[in-house]
Amino acid sequence: MLIQERHFISAGEKQKLDRLFGLALLDKALCHRLVTERDRSLLAEFGISTETQNWLGVVPATSLMDLARAVSSQSPVAF
């Protein structure tokens with residue numbers, strides 16, 4: 001069994017991803033680049049760290065919702 005190291009996404013980086021996901025909801029081509037192609041240049045344009053880009057590249061997701069859930073599960077909970 002493969003145990004993957006947990007990757008934490010900072011609050012600032014999560015905000016960048018939230019913005020990107022919001023735009024992807026409105027733009028099918030952008031959504032395709034994000035979910036299907038896992039386009040690193042797109043992620044870099046939004047200031048996503050190399051570490052998070054690497055993690056997103058291996059996250060099992062077939063939809064924007066799947067990807068958003070994965071990001072949510074890696075973000076620290078604020079109280």
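**Reading burial, packing and salt bridges**

Mentor: Start with one residue: Gln-53 is buried, its relative accessible area being 7%.

Trainee: What does "buried" mean, and what kind of structure are we reading?

Mentor: Buried means under 20% relative accessible area, exposed means over 50%, and partly exposed is in between, with a 1.4 Å probe and protein chains only. This is a predicted model, in which local features need pLDDT of at least 70 and side-chain atom pairs count only at pLDDT 80 or more, while totals for chains, interfaces and linings use all residues. Residues are numbered from 1 along each chain as its sequence is written, and side-chain values use heavy atoms, with hydrogens and water left out.

Trainee: Where does Gln-53 sit, and which residues does Gln-53 contact?

Mentor: Gln-53 belongs to helix α4; helices are DSSP runs (H or I, at least four residues), numbered from the N terminus. Contact means heavy atoms within 4.5 Å. Once you set aside neighbours within four places in sequence, Gln-53 touches Arg-40, Leu-43, Ala-44 and Ile-48.

Trainee: Which other residues of α4 are buried?

Mentor: Helix α4 covers residues 50-58, and its buried residues are Thr-52, Gln-53, Trp-55 and Leu-56. Viewed down the axis of α4, they fall within an arc of 165°, so they line one face of the helix. That arc is taken from the directions from the helix axis to the C-beta atoms. Over on the other side of α4, Glu-51 and Val-58 are exposed.

Trainee: And what does that buried set pack against?

Mentor: The buried residues of α4 pack against three helices: α1 (11-26), α3 (40-45) and α5 (64-73).

Trainee: Can we look at α1 from its own side? Is Leu-17 buried or exposed?

Mentor: Leu-17 is in helix α1, and it counts as buried at 0% relative accessibility. Apart from neighbours within four places in sequence, its contacts are Ile-9, Ile-48, Thr-52, Leu-56 and Val-71. You can also look at the backbone: the C-alpha atoms of Leu-17 and Phe-46 are 7.7 Å apart, although their positions lie 29 residues apart along the chain.

Trainee: How do I read a nonpolar core, and how many residues does the largest one have?

Mentor: A nonpolar core is a set of buried Ala, Val, Leu, Ile, Met, Phe, Trp, Tyr and Cys residues joined through side-chain atoms within 4.5 Å. Here, the largest has 21 residues, and Leu-34 and Leu-67 have the most contacts inside it. At least two of its residues come from each of α1, α2 (28-35), α3, α4 and α5. Take Leu-67: leaving out neighbours within four places in sequence, this residue contacts Phe-21, Leu-34, Val-35, Arg-38, Leu-56, Val-59 and Ala-61.

Trainee: Val-59 and Arg-38 are both in that list. Where are they found?

Mentor: Both are in loops: Val-59 lies between α4 and α5, and Arg-38 lies between α2 and α3. Val-59 is buried at 9% relative accessible area, and Arg-38 counts as buried at 15%. Val-59 is in contact with Arg-38, Leu-67 and Ala-70, neighbours within four places in sequence aside. The C-alpha atoms of Val-59 and Arg-38 are separated by 9.8 Å, and the two residues are 21 apart along the chain. While you're at Arg-38, check its backbone: phi is near 50°, a positive value in a residue other than glycine.

Trainee: What about charges? How many salt bridges are there?

Mentor: Side chains of opposite charge can pair when their charged atoms come close. A salt bridge is a side-chain nitrogen of Lys or Arg within 4 Å of a carboxyl oxygen of Asp or Glu. This structure holds four.

Trainee: Which one should I look at in α1?

Mentor: Lys-14 with Asp-18, where the closest N and O atoms are 3.1 Å apart. These two are four residues apart in helix α1, so about one helical turn separates them. Lys-14 is partly exposed at 22%, and so is Asp-18 at 38%.

Trainee: And in α5?

Mentor: Arg-69 pairs with Asp-66, with 3.7 Å between the closest N and O atoms. They are three residues apart in helix α5, again about one helical turn. Arg-69 counts as exposed at 52%, whereas Asp-66 is partly exposed at 24%.

Trainee: Which residues form a network?

Mentor: Arg-33, Asp-39 and Glu-45 are linked by salt bridges. Between Asp-39 and Arg-33, the closest N and O atoms are 2.9 Å apart. Asp-39 is buried at 16%, while Arg-33 is partly exposed at 24%.
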